[in-house]
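This report goes through the salt bridges, the nonpolar cores, the cysteines and the backbone of one protein model. The sequence and structure come first.

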Amino acid sequence: MEHFENTHKAEHEDSALIINAGIEQPPIVNPGYVRKKRRQLTTNDYVEGILKGDITILSQAITLIESLLPEHYAQSQEIIEKCLPHACDSMRIGITGVPGAGKSTFIEAIGNKVTNLGHKLAVLAIDPSSEKSKGSILGDKTRMETLVHNPKAFIRPSPSAGSLGGVARKTRETVVLTEAAGYDVVFIETVGVGQSETAVHSMTDLFLMLQISGAGDELQGIKRGIMEMADMVAITKADGDNIPHANLTKAHFLSALKLFPMPESQWRPRVYTCSSYEGTGLHDVWCGIEDYIKFTRQNGYFQLNRHRQSKYWMYETINEALSERFYHSPAVESMISGIEQDVLQNRKSSFTAAKELLNAYFAEVREQ
């Protein structure tokens, strides 16, 4: 046995598979170094920084708003309350469009023009999250390469995290902070799928829908739900050989919009063609936005819409708070799994099950 081991060792002494002993790690440069914890900012620190236009403190305050920790929620509400009187009179513009319409490219192109006119621009983009991993790449900053370096622009992507309602409320609260920081134009980009348009429409003054031409049925984009919300339509990628297609699509939309009843704002939606790549048509789109804001301010719809939105979000916040408190109730948590199985096994109807859970919750509340 000993002879075998010696022979085996001799045969493999020169093998590349032999692992040599490692070297000792050198000592750290400064053994006495201790990483300092970042100073915890007070509510007044946040408010002062925001009012000075400090984008670092503004970003940290938005992170507080997005946090799920109760202590962060309480502080963020204090910050919002103190910033509310300082919120400037901004233009809130919602931007939506079909996938591939070039929303980020359009925002970057028109955003640079807006800042050149002397405005300060905040871009709040709701980024779609994976339903499986709940992750989000937050890629808008990488797609807006020039705008992200513009000193008059602030870009903040927020993950939807599977809850458009929750992120919409936080986005609306973020609008208050950006306005207090001096940003007088706010773009809110939607994820471009279904319910998000309704949420963004409920927090903006103007709703702009981007469409493309030459991608099949031109009228597929004319869906009654979204078209009734749109105050303006822009046909993007109107350059090169696509210009005739864009003009034809524009004519189709203009004809279709005439079939809709007059909006409450008394503003008949306009349709524009533009090219973010060549920069053509963007000036007309921005002039149209200014015309809409001026028109609705004069006839009173602008302020009416703002008041209606404030009331809507008050009730939405109440509903969200009640729902969260209900599902975190000890009585409900102890019963809900069993009752859910009763519903799945057809032992109870959905309505009976809901009533039992509500009764248990209200009984717990009365005891407190």
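## Salt bridges

Nine salt bridges are present in the structure, which is a predicted model. Three of them are described here, one pair at a time.

Arg156 pairs with Glu66, and their closest N and O atoms are 3.1 Å apart. Arg156 belongs to strand E3 (residues 153-159) and Glu66 to helix H3 (residues 55-66), so this salt bridge ties together parts that are 90 residues apart in sequence. With a relative accessible area of 14%, Arg156 is buried. Glu66 has a relative accessibility of 23% and counts as partly exposed, because the range for buried ends at 20%.

Asp291 and Arg270 meet through their side chains in another salt bridge, with an N to O distance of 3.1 Å. Here the pair ties together helix H11, which holds Asp291, and strand E7 (residues 270-273), which holds Arg270; the parts are 21 residues apart in sequence. Asp291 is partly exposed at a relative accessible area of 34%, and Arg270 is partly exposed at 33%.

## A salt-bridge network

Lys348 forms a salt bridge with Asp342, and the closest N and O atoms lie 3.7 Å apart. Lys348 is partly exposed, its relative accessible area being 24%. Asp342, at 17% relative accessibility, counts as buried. This pair is part of one network, in which salt bridges with shared partners join Asp342, Arg347, Lys348 and Glu356.

## Nonpolar cores

The largest nonpolar core contains 34 residues, and Phe106, Phe187, Leu208, Val285 and Trp286 have the most contacts inside it. Helix H11 (residues 282-299) gives the most to this core, contributing six residues. Helix H11 is also where Asp291 of the salt bridge with Arg270 lies.

Which residues does Phe106 touch, not counting those up to four places away in sequence? They are Ile95, Gly111, Leu208, Leu210, Cys274, Ser276, Leu282 and Val285. Two of these, Leu208 and Val285, are also named among the residues with the most contacts inside the core. A second core is separate from this one; it has 32 residues, including Leu64, Ile65, Tyr183 and Trp313.

## Cysteines

The structure holds zero disulfides. Cys83 is buried, with a relative accessibility of 0%. Cys274 is buried as well, at 1% relative accessibility, and is one of the residues in contact with Phe106.

## Backbone at two loop residues

Lys237 is not a glycine, yet its phi is positive, at about 60°. The residue sits in the loop that runs between strand E6 (232-235) and helix H10 (243-257). Lys237 counts as partly exposed, at 43% relative accessibility.

Asn346, likewise not a glycine, has a positive phi of about 60°. Its loop lies between helix H13 (330-344) and helix H14 (350-367). Is Asn346 buried or exposed? Its relative accessible area is 71%, so Asn346 is exposed, given that the exposed class covers values over 50%.

How values were computed. Residues are numbered from 1 along each chain as its sequence is written. This is a predicted model: local features need pLDDT of at least 70, side-chain atom pairs count only at pLDDT 80 or more; totals for chains, interfaces and linings use all residues. Side-chain values use heavy atoms; hydrogens and water are left out. A nonpolar core is a set of buried Ala, Val, Leu, Ile, Met, Phe, Trp, Tyr and Cys residues joined through side-chain atoms within 4.5 Å. Buried means under 20% relative accessible area, exposed over 50%, partly exposed in between (1.4 Å probe, protein chains only). Helices (H or I, at least four residues) and strands (E, at least two) are DSSP runs, numbered from the N terminus. Contact means heavy atoms within 4.5 Å. A salt bridge is a side-chain nitrogen of Lys or Arg within 4 Å of a carboxyl oxygen of Asp or Glu. A disulfide is a pair of cysteine sulfur atoms within 2.5 Å.
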